[in-house]
Each structure stands twice: as structure tokens, then as C-alpha cells.
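Subject: Structure handover

Hi,

Here is the structure I promised to pass on to you. Please open it next to this email, and then read on for what turned up in it.

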Amino acid sequence: MEKKPQGIKIASLIREINLKLNNNISNNFKNSGFTTPQILLIKLLSIEGPLNVSEISEKMFLTKGTVSGIIDRLENQEVVKRNRSNEDKRIVSVALTNKGEDITKTMRGTINKYFDTIFSICKEEDMEKIINGLDILKSVLDENCEEDK
């Protein structure tokens, strides 16, 4: 078997970790009544604040039509609201409602509990190694990624 270059190995590990975390976190929200794309949209709005459909579409890598459908369902559940611009009625931003903010707090609590549980079995020295390795990776990316400059 051919040895993978270290950069490819790192990228592969990141993909595996990301997939594993996303799947496990999605499983924690199975009974929430929300689909994974709805949860991701709620999370996006909680981090970014109000966005228009094009921005959401771009950040979620989904078509505008798909995003509009997700927004429609969340709006029907009173989780998000559409706000039309006073200056240009064609511009519509999407924001979390108070109910959406409450759901976000609950999600954060669930996610924090999830991470506390999985890392509770780690030794302190292993946690420090993980954090150190991730800090190094972030520094390397910060120094070499053009979009952050």
C-alpha cells in the first residue's frame, strides 16, 4: 500500500472527524423535529445574524430554491422570520425569532453536553495534545490561506 503524503493524511483526518461529528450531532437532534439542513440554517443564523437567501445559499452550498423551502418550513414553525428592506422591497433578510433564539440556546446546551461526554474519557495530557495540535493546524492555515488575509 502506498504511503499517503502527510498533507493528504491531515485533510483525510479532518474530513473523517468532521463527518463523524456532524453525524453524531445530527443523531442528538433526531427527536427535535428539525431536519439536518434546518438545524444547520438555525446554527448559521445564530452565528452570522440576519442574512439574505443568496448569502445563506452560498454559505450552505445549497440552491436558492432549496434554501427558500427550508426557510418556508422554519417560518411556518415561527423559528425564523423574513424581513423586507424599506429601501428596496426586493431585498429580504432572514433572521431568527425569539423562539429560534431559544432553540439555539437548547442546541448549544445539547452540543456542549455531547462534547463533555466524549471528552470525559480523555486524560488531561491527551486533551492538551489535541488542543496543541489543533492550534498548530489553525496557525498553519492562518499563515497560508489567502481568503483570511
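Let me start with a question: with which residue does Lys59 form a salt bridge, and how far apart are the closest N and O atoms? The partner is Glu48, and the closest N and O atoms of the pair are 3.8 Å apart. Lys59 sits in helix 3 (residues 53-60) and Glu48 in helix 2 (residues 36-48), so this salt bridge ties together parts that are 11 residues apart in sequence. As for accessibility, Lys59 is partly exposed at a relative accessible area of 41%, and Glu48 is partly exposed with a value of 41%. Please keep in mind that this is a predicted model.

Now the overall picture. The chain holds 6 helices and 3 strands. Reading from the N terminus, the elements follow the order α-α-β-α-α-β-β-α-α. Along the principal axes, the C-alpha atoms fill a box of roughly 55 × 35 × 30 Å. The radius of gyration of the chain is 19 Å, whereas a compact globule of 149 residues would have one near 15 Å. Buried residues make up 23% of the 149 in the chain. The accessible surface comes to about 11,300 Å², and carbon and sulfur atoms account for 53% of that. If you look at contacts between residues at least 6 apart in sequence, 43% of them join residues at least 24 apart.

On to the sheet. The 3 strands make an open sheet in the order 1-3-2, with antiparallel pairing. Strand 1 (51-52) and strand 2 are at the edges and have a single partner strand each, so one side of each has no neighbour in the sheet. Strand 3 (residues 92-96) pairs with strand 1 in the antiparallel sense over 2 bridges; here Leu51 has Val94 in strand 3 as its bridge partner. Strand 2 and strand 3 also run antiparallel, joined by 5 bridges, and Val80 stands opposite Leu96 of strand 3. How many of the 5 residues of strand 3 are buried? The count is 4, which leaves this strand mostly covered.

Back to the charged side chains, since I opened with one pair of them. Side chains of opposite charge can pair when their charged atoms come close. Searching the whole structure gives 5 salt bridges. One of the other pairs is Asp72 with Arg82, where the closest N and O atoms are 2.8 Å apart. That pair links distant parts of the chain, with Asp72 in helix 4 (residues 64-76) and Arg82 in strand 2 (residues 80-84), 10 residues apart. Asp72 is partly exposed at 35% relative accessibility, and Arg82 is partly exposed at 28%. Which residues are linked with Asp72 in a network of salt bridges? They are Glu75 and Arg82.

Another pair stays inside one helix. Lys138 and Asp142 meet in a salt bridge at 2.8 Å, N to O. Both lie in helix 6, 4 residues apart, which is about one turn of the helix. Asp142 counts as partly exposed, with a relative accessible area of 35%.

Last, a feature on the surface that you may like to colour when you look at the model. Ile118, Phe119, Ile130 and Leu134 form a nonpolar patch there, and together they have about 320 Å² of accessible area. Two elements, helix 5 (98-119) and helix 6 (124-144), give two or more residues to this patch. Why does Leu134 count as exposed or buried? Leu134, which is placed in helix 6, has a relative accessible area of 53%, and exposed means over 50%, so Leu134 counts as exposed.

To pull the threads together: helix 6 carries the salt bridge between Lys138 and Asp142 and also gives residues to the nonpolar patch. Strand 2, for its part, is an edge strand of the sheet and holds Arg82, the salt-bridge partner of Asp72.

Enjoy looking around, and write back with any questions.

Best wishes

Technical notes:
Residues numbered from 1 in each chain as written. Predicted model: local features only at pLDDT ≥ 70, side-chain atom pairs only at ≥ 80, totals over all residues. Heavy atoms only, no water. Patch = residues over 30% accessible without salt bridge, like charges linked within 9 Å, V, L, I, M, F, W, Y side chains within 5 Å. Areas by Shrake-Rupley, 256 points an atom, 1.4 Å probe, with all protein chains shown as cover. Salt bridge = Lys/Arg side-chain N within 4 Å of Asp/Glu carboxyl O. Buried < 20%, exposed > 50% of the residue type's maximum accessible area, 1.4 Å probe, protein only. Rg over C-alpha atoms; globule rule 2.2 N^0.38 Å. Contact = heavy atoms within 4.5 Å. Pairing = 2+ DSSP bridges.
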